[in-house]
Amino acid sequence: MITSKLPNVGTTIFTVMSQLAAETGAINLSQGFPDFDGPDALREALCRRVMDGNNQYAPMAGLPALREQVAAKIARCYGRQVGVDSEITITPGATHAIFCAIQAVVRAGDEVIVFDPCYDSYAPSVELASGRCVHVQLKDGDFAIDWEKLSAALSPRTRMIVINTPHNPSGALITREELDRLAALIRDRDIYVLSDEVYEHLVFDGLQHASVLAHDELYQRAFVVSSFGKTYHVTGWKTGYLVAPPALTAEARKVHQFVAFCGVTPLQWALADFMAAHPEHVDELPAFYQAKRDYFCDRLEASRFTFTRASGTYFQLVDYSRIRPDLNDVDMSLWMTREHGVASIPISVFYQNPPEGQRLIRLCFPKREETLRQAAEKLCAI
Ligand SMILES: Cc1ncc(COP(=O)(O)O)c(C=O)c1O
């Protein structure tokens with residue numbers, strides 16, 4: 001018998017809900033991916049790059065052309081000049097970047113603070129590094145950092161704090177003032193920050209994304225992660241990047257080098273071509289996704305769900321207390337999928353210890369208007 005190194009990891013709720021949606025013919029608003037394609041010019045660039053013979057290994061750190069585009073975008077959006085060769089690494093997905101950053105600095109017995117509800121890859125990555133996750137709950141309601149709880153969770157063993165803004169699943173944003181506060185809190189400690197910013201360009205209502213890349217002090221001890229999959233509507237391309245100061249980049253690359261060695265070459269070329277030709281794409285994203293959020297939420301106003309519109313990401317949390325307070329969120333998601341034809345994600349799965357009585361599910365809105373209209377009609381009928 002094999003003794004599992006990850007005994008608590010099983011089939012994720014994302015797989016369960018997507019399978020159930022497929023079996024029952026429900027509209028799938030569970031797993032986070034668009035039901036429309038990335039830009040034509042991007043997909044055409046990929047075909048061209050494949051046919052033109054760009055099909056052998058890329059450099060370990062990523063194609064220079066793509067790293068240059070990332071550096072230019074970071075300079076434009078966050079005012080930081082990062083080293084193309086020494087601070088940017090292209091990775092096969094943001095998940096891979098997260099894994100490498102954690103393996104690079106977390107040692108046996110180290111503690112890593114994560115904020116619940118949190119994305120599901122952090123804890124297994126910490127466990128595989130023989131570290132221990134310390135789960136600190138975000139505040140009920142607005143999902144802001146609870147500074148008392150965070151201070152109480154710090155210990156001499158804390159090696160890393162993982163933040164995620166805009167936040168999956170709540171859509172909440174960390175503010176610049178909160179980054180200042182975090183910097184002050186860990187100023188005299190030997191703690192790294194892993195900043196998961198995969199939804200950096202999905203910020204609504206005129207709000208600004210407070211990136212760690214724009215924070216001089218925090219960046220010195222940070223790994224910042226983003227995902228081309230989210231930004232260019234191509235989640236299946238599984239291409240992302242890691243930005244960190246040279247010494248941290250060097251360590252993360254040692255891991256990356258032996259987990260993947262490099263990302264997929266023609267995908268990197270296609271992204272570099274598209275970014276060079278269409279720098280405006282990222283500037284147009286907030287309005288593009290805000291229109292989807294509002295199209296969906298406007299229709300949900302007529303339902304019995306209650307909600308506050310998400311400030312970022314492409315997820316909308318809704319409270320179902322007025323509909324089935326008797327059901328926990330997993331049962332609610334299953335019931336809605338089977339009986340009402342809309343699949344969602346219960347947010348208790350993002351917690352180590354879900355708050356008692358929380359009645360929230362996550363609906364994913366990067367969908368065509370027709371899909372959102374049909375889903376909203378079904379949700380309004382519950
Ligand atoms: C918060 C968060 N981080 C990371 C990822 C992973 O991104 P990628 O698909 O590029 O690995 C996701 C994807 O859902 C996410 O929601």
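Two residues are taken to be in contact if their C-beta atoms, placed from the backbone, lie within 7 Å. On this criterion, in the predicted model, Met17, Leu20, Ala21 and Thr24 of helix 1 meet Ser333, Thr337 and Arg338 of helix 13. By class, this contact comprises three nonpolar, three polar and one charged residues.

The geometry of the helix pair was then examined. Two packed helices are described by the angle between their axes and the distance between the axes. Helix 1 spans residues 13-24 and helix 13 spans residues 329-340; the two pack at an angle of about 20°, and their axes are 9 Å apart. Since angles under 35 degrees count as roughly parallel, helix 1 and helix 13 are therefore roughly parallel to each other. Their crossing is right-handed.

Seven strands form an open sheet with mixed pairing, in the order 2-8-7-6-5-3-4. Its edges are occupied by strand 2 (88-91) and strand 4 (132-137), each of which pairs on one side only. On average, and with direction ignored, neighbouring strands of this sheet are turned by 20° against each other. Within the sheet, strand 3 (residues 111-116) pairs with strand 5 (residues 158-164) in the parallel sense, over four bridges. In this pairing, Ile113 is placed opposite Ile161 of strand 5.

Helix 4, formed by residues 94-105, lies across several strands, namely strand 2, strand 5, strand 6 (192-196), strand 7 (222-227) and strand 8 (240-243). Relative to strand 8, helix 4 runs at about 30°.

A further open sheet consists of three strands in the order 9-12-11, with antiparallel pairing. Strand 9 (315-319) and strand 11 (345-346) stand at its edges, and each has a single partner strand, so one side of each is left without a neighbour in the sheet. Strand 11 and strand 12 (residues 360-364) run antiparallel and are joined by two bridges. Here Pro346 stands opposite Ile361 of strand 12.

The surroundings of the ligand were also characterised. There are 14 residues around the ligand, of which Gly93, Ala94, Thr95, Tyr119 and Ser227 come nearest. Divided by class, the shell around the ligand contains three nonpolar, nine polar and two charged residues. Two of the nearest residues, Ala94 and Thr95, fall within the range 94-105 of helix 4, while Ser227 falls within the range 222-227 of strand 7.

Definitions and conventions:
Residues numbered from 1 in each chain as written. Predicted model: local features only at pLDDT ≥ 70, side-chain atom pairs only at ≥ 80, totals over all residues. Near = placed C-beta within 6 Å. Nonpolar A, V, L, I, M, F, W, Y, C, P; charged D, E, K, R; others polar. Pairing = 2+ DSSP bridges. Axes fitted to C-alpha atoms, helices over the stretch in contact; angles between N-to-C directions. Parallel < 35°, antiparallel > 145°, perpendicular 65-115°, else oblique. Left-handed = near helix turned anticlockwise from the far one by under 90°.
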